[in-house]
Amino acid sequence: MNSRKFDKIQRARALLARAASVAVLGALAACAVSQASEVQMGANYAGQIAQQLPLIKDPEALRYINALGNSLARVTDQRSLSWHFNIVDSKEVNAFAVPGGYIYVNRGLIERAQSMSQLAGVLGHEIGHVTLRHSIKQSQSAQGANAGVSLACILIKVCDNAVTASTINIVAGGVFAHYSRVDETEADHEGVSTTVKAGIDPHGVPQMLRILLEERKTNPGAVDAFFATHPLEEDRITTTDAQIAAYPPRQLEGLARDTKEFHAFRDRMAGLPASPDSKKKN
């Protein structure tokens with residue numbers, strides 16, 4: 001192993017060690033919430049989301065996203081949650097998780113994914129937020145705040161008036177706030193390890209991060225919603241690259257990078273009516 005790769009791996013391990021130590025208190029608080037309470041909390045949030053955000057109803061699209069999502073969740077979920085994967089009908093780039101196993105991916109993010117492993121990396125990351133109970137910590141901090149009022153503002157960026165800043169501030173203390181760098185590092189780690197366990201190429205995780213960072217340079221408005229909820233810097237790419245490099249090469253051989261089913265799914269999504277937010281802009 002050359003010195004440069006060794007240094008990357010050492011930096012990755014150091015970042016993960018710091019993340020683990022900083023997260024201890026938050027994790028202990030999250031553990032105080034029973035699984036039954038977490039599932040009920042998630043169901044309540046899912047009800048609000050269904051009322052306030054446009055969701056894709058196409059059965060075939062939902063069949064695919066749930067099949068892919070569950071193939072990932074079942075190899076990492078040790079609590080036997082019932083997982084629900086949904087597609088938000090918005091051109092804005094975003095993905096988010098709520099407690100209890102509810103995962104949402106915006107249509108705009110799916111359009112940026114170029115391979116199955118890249119979409120799987122996003123789902124694995126969001127699954128990690130649930131299994132690590134980051135979403136519980138966010139929910140606890142949201143108590144007493146009307147986070148639901150600003151779902152659309154922060155997640156699909158449809159607010160363009162004077163109240164936007166104040167509504168985003170409400171959400172910033174709640175379940176849909178941007179995660180800390182510690183949380184994102186942990187969820188990235190889970191995304192990589194989960195894809196490997198599921199037989200999927202983990203390189204999709206840093207590849208998707210690179211795609212979003214490049215778009216931020218050329219078309220920042222398109223990814224504002226994502227960056228408002230997910231801190232993303234070059235360090236996350238370096239860390240995930242190093243984590244992948246630490247695997248024995250044989251363990252990564254033959255892992256699935258892409259499938260015909262993924263591209264059929266992408267084609268089906270492209271054939272659906274335009275997103276509501278797109279119609280407003282036309």
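Buried, in these legends, means under 20% relative accessible area. Keep that cut-off in mind as you look around this predicted model.

**View 1. Thr239, tucked into helix α12.** Helix α12 runs through residues 234–245, and Thr239 is part of it. With a relative accessible area of 8%, Thr239 falls below the 20% cut-off, so it counts as buried. Look for its polar partner too: a polar atom of the Thr239 side chain sits 2.8 Å from the backbone oxygen of Asp235.

**View 2. Helix α2 and its two faces.** Here's α2, made of 18 residues, from 35 to 52. From first C-alpha to last, α2 reaches 26 Å, close to the 26 Å you'd expect at 1.5 Å a residue. Which residues of α2 are buried? They're Glu38, Gly42, Tyr45, Ala46 and Ile49. These five cover an arc of only 110° around the axis, which means they're on the same side of α2. Here's a handy bit of background: an α-helix has 3.6 residues a turn, so residues three or four places apart point the same way. Now check the face turned away from the buried side of α2, where you'll find the exposed residues Ala36 and Gln51.

**View 3. The largest nonpolar core.** This core holds 36 residues, and Leu119, Leu123 and Phe265 touch the most other members. Several elements give two or more residues to this core, including α3 (59–73), β1 (84–88), α10 (204–218) and α14 (260–270). Which element gives the most? That's α5, with seven residues. In general, nonpolar side chains tend to be buried together in soluble globular proteins.

**View 4. Zooming in on Phe265, then on another core.** Leaving aside residues up to four places away in sequence, Phe265 touches Ala61, Tyr64, Ile65, Ile87, Ile110 and Leu119. Apart from the largest core lies another one, of 10 residues. Among its members are Ala46, Leu55, Val88 and Tyr104. You've met Ala46 already, as one of the buried residues in α2.

**View 5. Ser90, in a loop between two strands.** Find the loop between β1 and β2, and you'll find Ser90. Is Ser90 buried or exposed? Its relative accessibility is 0%, so Ser90 counts as buried. The Ser90 side chain reaches the backbone nitrogen of Glu92 at 3.1 Å. Now look for Ser275: it is 185 residues from Ser90 along the chain, yet the C-alpha atoms of the two are separated by 5.4 Å.

Notes. Residues numbered from 1 in each chain as written. Predicted model: local features only at pLDDT ≥ 70, side-chain atom pairs only at ≥ 80, totals over all residues. Heavy atoms only, no water. Helix = DSSP H or I, 4+ residues; strand = E, 2+ residues; numbered from the N terminus. Expected span 1.5 Å × (residues − 1). Buried < 20%, exposed > 50% of the residue type's maximum accessible area, 1.4 Å probe, protein only. Arc of directions from axis to C-beta. Polar contact = N/O pair within 3.5 Å; in protein donor to acceptor, adjacent residues only side chain to side chain. Core = buried A, V, L, I, M, F, W, Y, C linked by side-chain atoms within 4.5 Å. Contact = heavy atoms within 4.5 Å.
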